[in-house]
2 protein chains.
Amino acid sequence: MALTTSIAAADFEPIAPDAAGAPLYRAVKRSLLRAIEAGRYPAGGSLPSETELASGFGVSIGTLRHAVDELVAEHILVRRQGRGTFVALHNADRFLFQFFHVERSDGLREIPRVELVAFERVRVDEEPAQALGLRPGEPVIQVDNRLMLQGRAVVHDRITLSALLFKGLSEKRLRERRSTIYHLYQTEFGITVTRAQERARAVAADRLAARLLGLAPGVPVMQVRRTALTFGDKPVEYRVSTVNTAQHEYVNLLSGPP
Amino acid sequence: MALTTSIAAADFEPIAPDAAGAPLYRAVKRSLLRAIEAGRYPAGGSLPSETELASGFGVSIGTLRHAVDELVAEHILVRRQGRGTFVALHNADRFLFQFFHVERSDGLREIPRVELVAFERVRVDEEPAQALGLRPGEPVIQVDNRLMLQGRAVVHDRITLSALLFKGLSEKRLRERRSTIYHLYQTEFGITVTRAQERARAVAADRLAARLLGLAPGVPVMQVRRTALTFGDKPVEYRVSTVNTAQHEYVNLLSGPP
DNA sequence: CCCAATTTGTTCGTATGTATA
DNA sequence: TTATACATACGAACAAATTGG
């Protein structure tokens, strides 16, 4: 016999229209999203079944599915026929390549080997402060990584994270992680990166980049500034990547108009 | 009284399952896509109503909507409540910015002023030939544009088009176009660009770029190679953009995992 | 190996609301 | 105002995938 206890009361906030005349499925979607943001369901965890959710919200199965459809389209939920609906998990290489855009000029994609070059706790500079919505001088964690492809140093990443948001992050935990750093954010800190914005320029390699990438200073390199966002477009990571594009390229796939 | 003539027979190929066990709405989607590709409905033109299409295909309204939903998500169709369903039109500035990614470092977006620098009919080189799926030496049209932002030359584009595909394209028609070049492709040649792939590198400015952008040769610039695709991922345009990123940046918005 | 229970996926049909011409 | 078109919401039935006995 299946339990038919109320779901809505305990796990979700009551559904209320977003605005006058707003569709019902949007209210359901918002309630689901709030529950996920609040960590009510851990990343990778399963939600109640569609029939349970629908009856819990007091809506039809079709309306519930419409709401879940949109969350699936936004990559926040994942559906698996016969198993259930899950909070999206960023465990695989698939996720890596969603945000890692460097590949060899001939099109070869490889998983980069990451070398941690430096791990520091510092006060935040003007530029990352603005990107992360912090006041200059607030404590941040600054990580320098070197990414190797085909045994060659191709990318230098300088990552800036709010020390408050990533309380307890240590060099050890960073070194000992399996999988990607975004997977670490998600599993260890409950922070899911949903989107990112990147701005790229061509610059002459500075001394640090030249040394780490084995280049002559002044050689043209690509500099990519990335702000990674979580739910509600809240910034959680600022990253400056310096890419040696002598043998590699920065790849971008565009789709049609929105 | 509304006409209830059969739609499917005249306008669409009969729906047949893609494969054993493939869902019905996919077959409907494919048939719709074929009709659009074939130019059965011009860009910007309206499709028959959902009820007409559904009865024409012999499926329920819900199944028809599911098929159209996917085409809308892929930006191939546009729905307007109370008006109808239309083949997506690339008329607006909105479309321009879908493929134009350069903006000022402070975030200012501006519509570029385009100067046609050269228009030539030549035999295609190795690189654009491969991108366009042509044999080296086939006739192509080569267009050189200079893009001005805030009165400054910021981008040089070299565009390569198959002379066969764009038969009748002249310098005059190119100069006299309103709107974007992709809009011209669509309205004058029936070619709709749906997606594009870009590969970027940092390079030292060559003499041509230096002259056109008013730079010293050797200055770092971004070089973006773009292949623009139409339905069925058929390549229709190859473009090499050289960007002076001294005051401007190349912007890219990423969404979550697929 | 098969069966049964569970869960999502697909398809159908109907009714009503909202926007447009 | 009226007719038409898409948007939302409801409910039902069966298919397909998964899991566990």
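## A walk through two protein chains and two DNA strands

Start by selecting α3(A) and α4(A): these helices are roughly perpendicular to each other. That word covers angles of 65 to 115 degrees, while under 35 counts as roughly parallel, over 145 as roughly antiparallel and the rest as oblique. Helices (H or I, at least four residues) and strands (E, at least two) are DSSP runs numbered from the N terminus.

Before you go on, note that this is a predicted model, where local features need pLDDT of at least 70 and side-chain atom pairs count only at pLDDT 80 or more, though totals for chains, interfaces and linings use all residues. Residues are numbered from 1 along each chain as its sequence is written, chains are lettered from A and ligands numbered from 1 in the order in which they are written, and side-chain values use heavy atoms, leaving out hydrogens and water.

**Stop 1: the helix pair in chain A**

Two packed helices are described by the angle between their axes and the distance between the axes. Helix α3 (residues 50–57) of chain A packs against α4(A) at about 105°, with the axes 9 Å apart. Axes are lines fitted to C-alpha atoms, for helices over the stretch in contact, and angles run from 0 to 180 degrees between N-to-C directions. Now show the side chains: Glu50(A), Thr51(A), Leu53(A), Ala54(A) and Phe57(A) of α3(A) make the contact with Ile61(A), Leu64(A) and Arg65(A) of α4(A). Contact here means heavy atoms within 4.5 Å. By class, this contact of α3(A) with α4(A) has five nonpolar, one polar and two charged residues. Ala, Val, Leu, Ile, Met, Phe, Trp, Tyr, Cys and Pro count as nonpolar, Asp, Glu, Lys and Arg as charged, and the others, Gly among them, as polar.

**Stop 2: a salt bridge**

Stay in chain A and select Lys29(A) and Glu74(A), which form a salt bridge with their closest N and O atoms 2.8 Å apart. Lys29(A) sits in helix α2 and Glu74(A) in the loop between α4 and β1 (77–80) of chain A, so the pair ties together parts that are 45 residues apart in sequence. A salt bridge is a side-chain nitrogen of Lys or Arg within 4 Å of a carboxyl oxygen of Asp or Glu, and the whole structure has 44 of them over all chains.

**Stop 3: DNA strand C**

Next, select DNA strand C, which 20 residues surround; the closest are Glu50(A), Arg79(A), Leu24(B), Tyr25(B) and Thr63(B). A residue is near a strand if one of its heavy atoms lies within 4 Å of it. Zoom in on Arg79(A), where a polar side-chain atom lies 2.8 Å from a phosphate oxygen of strand C. At Gly82(A), a polar backbone atom is 3.2 Å from a base oxygen of this strand.

**Stop 4: DNA strand D**

Now switch to DNA strand D, where Leu24(A), Tyr25(A), Thr63(A), Glu50(B) and Arg65(B) come nearest of the 20 residues around it. Of the strand D atoms within 4 Å of the protein, 83% belong to sugar or phosphate and the rest to bases. Select Gln81(A): a polar side-chain atom lies 3.0 Å from a base nitrogen of strand D. For Gln81(B), the partner is a sugar or linking oxygen of strand D, 3.4 Å away. By class, the surface near strand D has four nonpolar, ten polar and six charged residues.

**Last stop: chain B**

Finally, select α3 (residues 50–57) and α4 (residues 61–73) of chain B, whose axes come within 9 Å and cross at roughly 105°.

Conventions
A polar contact is a pair of N or O atoms within 3.5 Å; within protein, one must be able to donate a hydrogen and the other to accept it, and residues adjacent in sequence count only if both atoms are side-chain atoms.
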